[in-house]
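This report goes through one protein model, taking its helix, its ring pairs and its charged side chains in turn. Keep the sequence and the structure in view while reading.

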Amino acid sequence: MLTIKRVPTVLSNYQEDAAGCGRNCLGDCCLPVSKLPLYAYRVERLPAVVSPSQGDLPSDFLLNTLLFGQWEDRMNRGLFRYDVTACETKVIPGEQGFVAQLNEGRHLKKRPTEFRVDRVLQPFDSTKFNFTKVGQEEVLFRFEAGEDDTSCFFEIASVDKGVPPNVVAINVSPIEYGHVLLIPHVLECLPQRIDPESLLLALHMAVEAGSPYFRLGYNSLGAFATINHLHFQAYYLAMPFPVEKAPTKKIHIVQGLAKSLGVKISKLLNYPVRGLVYEGGNCLKDLADVVAQSCICLQENNIPFNVLISDCGRRIFLFPQCYAEKQALGEVSQELLETQVNPAVWEISGHMVLKRRKDYDEASEEYAWRFLAEVSLSEERFEEVKSYILEAIGTVEAEKDEMDSKVNEEESFPAVSTFPESCLVLL
C-alpha cells in the first residue's frame with residue numbers, strides 16, 4: 001500500500017473536533033430542523049443560456065449579492081484562519097501568464113495524518129472529519145433545484161426531510177476571495193466520488209454565478225482531495241487562468257454518446273499538464289453526463305484526476321494526474337518537495353499557491369512549467385487513458401484516414417476568451 005505523510009489543509013473550524021455535537025451543526029441532529037437561506041436555481045439550461053434567468057432576481061444576485069455578501073459577513077465575524085485578501089499575488093512573467101500567490105497562512109494549524117494515495121475510491125468513514133461536523137455559522141446558504149423557470153431566493157427555508165440538502169459553506173483556509181465549498185446531499189455522507197447528479201449541480205452553480213472569473217474545481221482522492229466527503233471548491237479570481245488560454249485540438253468523433261449529445265471533446269495543446277476539454281451539449285445535463293461518465297471511468301480504473309469547471313459552465317477541463325504516486329515512490333525531486341505545494345486543481349489550472357516567501361520571490365515560468373510537468377501523465381500513458389475514457393462513454397474516434405480527410409476542417413483551436421476586454425488586472 002502506498003502511503004505518504006500528509007498535513008491536510010484545514011477546511012473547517014471544526015475539523016479537529018473528534019467529539020459529538022453539542023452545537024448547531026450540519027448533522028442529522030441539527031440540520032433537519034434548521035432554517036437556512038435557500039437559493040433555488042432554474043433547472044433547465046440550454047447551451048445558449050449561460051446566465052441566470054431574470055425572474056425577480058438581478059442576473060448577478062447569486063455571486064455579487066448572496067455569496068460575496070455572506071462570505072464577507074463570515075470574514076467580519078472572524079471565522080477564517082487568516083485574511084486571504086492580504087495575500088500577495090502576481091502574474092509570473094512569460095508566455096503562459098501563471099499566477100502566483102504567497103499564502104503562508106495556509107501552511108499553519110495543520111494536523112498530521114496518514115493519507116492513502118493508491119485508492120481513488122475509498123468508503124466514507126464517519127470517524128474522520130466530514131462536513132456534517134461543520135457548524136451552521138460556516139454555511140452561507142442551501143443550493144437546490146427550483147420548481148419553475150426562474151431562480152428564487154428565500155432568506156429562511158425549512159429543510160425538506162425528503163430532499164437531502166446541498167449546502168454552500170466557507171473554506172476557512174481560503175485560497176482566494178469568495179472561496180467556498182459546494183457539498184451535495186450533505187446528510188447522505190457520500191464519499192469523494194463524482195456522479196452525474198453531483199456534477200450537474202456544480203454546473204448549475206457555475207451558470208447561476210454568471211461570471212467567467214468564478215470557477216468550480218474538484219479533486220479526487222489521490223489528486224489532493226483532503227476530505228473524503230463529496231465536495232467541490234469554488235472561488236473568484238478576476239483574471240484568466242493559463243489553462244483557459246491554452247489552445248486545443250478537437251478529437252474527431254464518428255459515433256457514440258458524445259456525438260449524439262452534441263458534446264465536443266478536445267485535447268489541450270502547449271500546456272504542461274495533459275488534459276481533455278469538454279464543451280457544448282444539447283443541454284447542460286448532456287454535458288454533465290458525458291464528463292461524469294469520463295470521471296467514473298477514471299475512478300473505476302483507479303486513476304487520480306482533477307476537474308475545472310470554467311467559463312460559466314461552458315467548458316470543463318479533465319486532468320488525469322500522477323504526482324502523488326510519484327511522490328510516494330520517491331520520484332519527485334527534493335527541490336520540488338521542499339516547496340510543500342500540492343498540485344490540486346487550482347495549481348494545475350495555473351494558479352500557483354506558494355507557501356514560502358523564497359518560492360514566491362523566485363517564481364518563474366520555467367519553475368511553474370517544470371513543476372506541473374511532474375503532475376502530467378506521459379504522452380503514451382495519456383493516450384492510453386484517453387482510449388479508456390472514449391470507450392467508457394461509448395464514443396468512437398475517427399481513424400487516421402478519416403481524420404486526414406478533414407484536414408481542411410477546424411483541427412486546432414486557439415483559446416477563445418470570454419473575459420471582458422475592458423477588464424485589465426494590474427497586480
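A residue counts as buried when its relative accessible area is under 20%, as exposed when it is over 50%, and as partly exposed in between. Arg357, at 35% relative accessibility, is therefore partly exposed. The model is predicted, and the values below are computed from it.

**Helix α1**

Helix α1 covers residues 61–76 and has a kink of about 30° centred on Phe68. Phe68 is also one of the buried residues of α1, together with Phe61, Leu62, Leu63, Leu66, Leu67, Trp71 and Arg74. An α-helix has 3.6 residues a turn, so residues three or four places apart point the same way. Just after α1 comes Gly78, with a positive phi of about 75°.

Asp73 and Arg77 form a salt bridge, with 2.9 Å between the closest N and O atoms. Arg77 is partly exposed, at 46% relative accessibility. Asp73 is partly exposed as well, at 32%.

**Aromatic rings**

How many aromatic pairs does the count come to? The count comes to 19 aromatic pairs. One of them joins Tyr39 and Phe61: the ring centres are 6.4 Å apart and the planes are at 15°, so this pair is stacked. Tyr39 belongs to strand β2 (residues 35–41) and Phe61 to helix α1, so the pair ties together parts that are 22 residues apart in sequence. Tyr39 is buried, with 2% relative accessibility, and Phe61 is buried at 12%.

Tyr41 and Phe143 make another pair, with centres 4.7 Å apart and planes at 25°, so these rings are stacked too. Here strand β2, which holds Tyr41, is tied to strand β6 (residues 139–145), which holds Phe143, and the parts are 102 residues apart in sequence. Both Tyr41 and Phe143 are buried.

Ring pairs also link residues into a cluster: Phe68, Trp71, Phe80, Tyr177, Tyr213 and Tyr236. Phe68, at the centre of the kink in α1, is thus found in this cluster as well.

Some rings have a charge over them. Lys90 lies over the face of Tyr360, at 4.5 Å from the ring centre. The charged end of Arg215 sits over the ring of Phe241, at 4.0 Å from the centre of that ring.

**Charged side chains**

Side chains of opposite charge can pair when their charged atoms come close. The structure holds 19 salt bridges; the table lists three of them.

| Positive residue | Negative residue | Closest N and O atoms |
|---|---|---|
| Arg77 | Asp73 | 2.9 Å |
| Arg357 | Glu88 | 2.4 Å |
| Arg142 | Glu144 | 3.5 Å |

Which parts does the pair of Arg357 and Glu88 tie together? Arg357 lies in helix α9, and Glu88 lies in the loop between α1 and β3 (89–91), so the pair ties together parts that are 269 residues apart in sequence. Glu88 is partly exposed, at 36% relative accessibility.

In the pair of Glu144 and Arg142, Glu144 is buried, with a relative accessible area of 8%. Arg142 is buried too, with a relative accessible area of 5%.

Salt bridges also form a network that links Lys267, Glu383, Lys386 and Glu397.

Lys355 has no salt bridge, although Lys355 is buried. This residue is found in the loop between β18 (351–354) and α9 (357–361). Where is the nearest side chain of opposite charge? It belongs to Glu347, which is 7.3 Å away. A salt bridge needs the nitrogen and a carboxyl oxygen within 4 Å, so Glu347 does not qualify. The side chain of Lys355 instead reaches the backbone oxygen of Gln340, at 2.7 Å.

**Two cysteines with positive phi**

Cys189 is not a glycine, yet has a positive phi of about 50°. Cys189 lies in the loop between β9 (180–183) and α2 (196–209), and is partly exposed at 24% relative accessibility.

Cys312 also has a positive phi, near 55°, and is likewise a residue other than glycine. Its place is the loop between β16 (305–310) and β17 (315–320). Cys312 is buried, with a relative accessible area of 6%.

Note on methods:
Residues are numbered from 1 along each chain as its sequence is written. This is a predicted model: local features need pLDDT of at least 70, side-chain atom pairs count only at pLDDT 80 or more; totals for chains, interfaces and linings use all residues. Side-chain values use heavy atoms; hydrogens and water are left out. The bend at a residue is the angle between axes fitted to the seven residues ending there and the seven starting there. Helices (H or I, at least four residues) and strands (E, at least two) are DSSP runs, numbered from the N terminus. Buried means under 20% relative accessible area, exposed over 50%, partly exposed in between (1.4 Å probe, protein chains only). Lys and Arg count as positive and Asp and Glu as negative; His and the chain ends are not counted. A polar contact is a pair of N or O atoms within 3.5 Å; within protein, one must be able to donate a hydrogen and the other to accept it, and residues adjacent in sequence count only if both atoms are side-chain atoms. Rings of Phe, Tyr and Trp (its six-membered ring) pair if their centres lie within 6.5 Å; planes under 30 degrees apart count as stacked, over 60 as edge-to-face and the rest as tilted. A charge sits over a ring if NZ of Lys or CZ of Arg is within 6 Å of the ring centre and within 35 degrees of the ring normal.
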